[in-house]
Amino acid sequence: MTLLKSKVLRFASLPSTNTELARLASAGAGEGLAIVADEQTAGRGRLQRVWSSPAGAGLYFSILLRPTIAQTYWPLITLMAALAVGDALHEACGLTTDIKWPNDLLSGERKVCGILAESIDTPSGRAVIVGIGINLTQNAFPPELADLATSIAEETGRQPQREMILAALLQTLARWYSVLDQPKQIIAAWSNRSSYATGKLVQVSNGDEVWQGTTSGLESDGTLRLQLASGEIKLIRAGDVYSVRSS
Ligand code: BTN
């Protein structure tokens with residue numbers, strides 16, 4: 001069990017909180033250092049996508065972790081972060097969310113939070129930057145994404161309190177990080193919280209190939225099991241998952 005003590009640095013504007021934290025980690029920053037920015041001018045998402053980050057519209061947050069668990073289990077870090085964000089949104093805003101594999105937080109099937117975990121080599125060993133982007137208001141993303149994205153304000157009908165969400169998140173991250181060395185507990189909690197864990201008809205794309213199948217649980221390292229129509233189980237380690245409505 002690891003106890004996470006965090007210290008938060010605040011910035012008005014940064015290109016990306018993940019990039020700045022990676023720089024500080026390479027210069028020797030310790031576990032638990034966190035960064036929040038009011039806006040990002042080059043916010044990054046998974047799969048090289050842009051993460052729109054206008055001033056005051058989102059919570060743009062990154063935290064540095066130096067996990068001691070075997071690296072094969074590091075994919076669990078993103079699942080752990082999703083559980084922590086889910087708890088924080090529930091505690092601070094009363095919002096219940098779903099998790100789309102591996103770590104998108106959804107409300108009413110639209111995305112309210114994205115998580116980008118990046119591992120880096122630093123002089124004191126391999127580390128992980130966990131970047132979390134929470135849409136506080138509809139201004140966080142372009143209007144053309146309104147079918148796919150939503151915000152805390154839209155989902156709760158109230159103006160979200162960024163500081164309350166941040167305070168809750170620091171606590172829930174510490175809570176979940178302390179059980180990262182118990183993969184079964186992370187997998188069980190994630191599976192309990194996600195409608196995508198089992199029995200969901202989905203399409204999965206890794207950029208080159210697309211598979212359709214039914215989700216069939218997670219492996220102990222967080223890999224998604226997808227049962228194809230042939231019965232074969234395809235192990236998905238990276239990619240985008242889309243829910244498919246059965247006709
Ligand atoms: C995704 O769903 O594609 C992940 C989005 C992650 C966005 C956050 S915002 C804070 C941190 N800094 C970044 O540049 N990206 C992450």
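Biologist: How do you know how many positive and negative side chains the protein chain has?
Modeller: You count Lys and Arg as positive and Asp and Glu as negative, leaving out His and the chain ends. That gives 22 positive and 23 negative side chains in the protein chain. Put each charge at NZ of Lys, CZ of Arg, CG of Asp or CD of Glu, and the centres of the two sets lie 4 Å apart. Mind you, this is a predicted model, where local features need pLDDT of at least 70, side-chain atom pairs count only at pLDDT 80 or more, and totals for chains, interfaces and linings use all residues. Residues are numbered from 1 along each chain as its sequence is written, and side-chain values use heavy atoms, without hydrogens and water.

Biologist: What makes the protein chain as compact as a globular protein of its length?
Modeller: The globule rule is 2.2 Å times the number of residues to the power 0.38, and the radius of gyration is taken over C-alpha atoms. For 247 residues the rule gives 18 Å, and the chain comes out close to that at 17 Å, so it is as compact as such a protein.

Biologist: Why is D104 called buried or exposed?
Modeller: Buried means under 20% relative accessible area, exposed over 50%, and partly exposed in between (1.4 Å probe, protein chains only). D104 has 6%, so it's buried. Buried residues make up 53% of the 247 in the chain.

Biologist: What makes the D104 and K111 side chains a polar contact?
Modeller: You need a pair of N or O atoms within 3.5 Å, one able to donate a hydrogen and the other to accept it. The D104 and K111 side chains make theirs at 3.1 Å.
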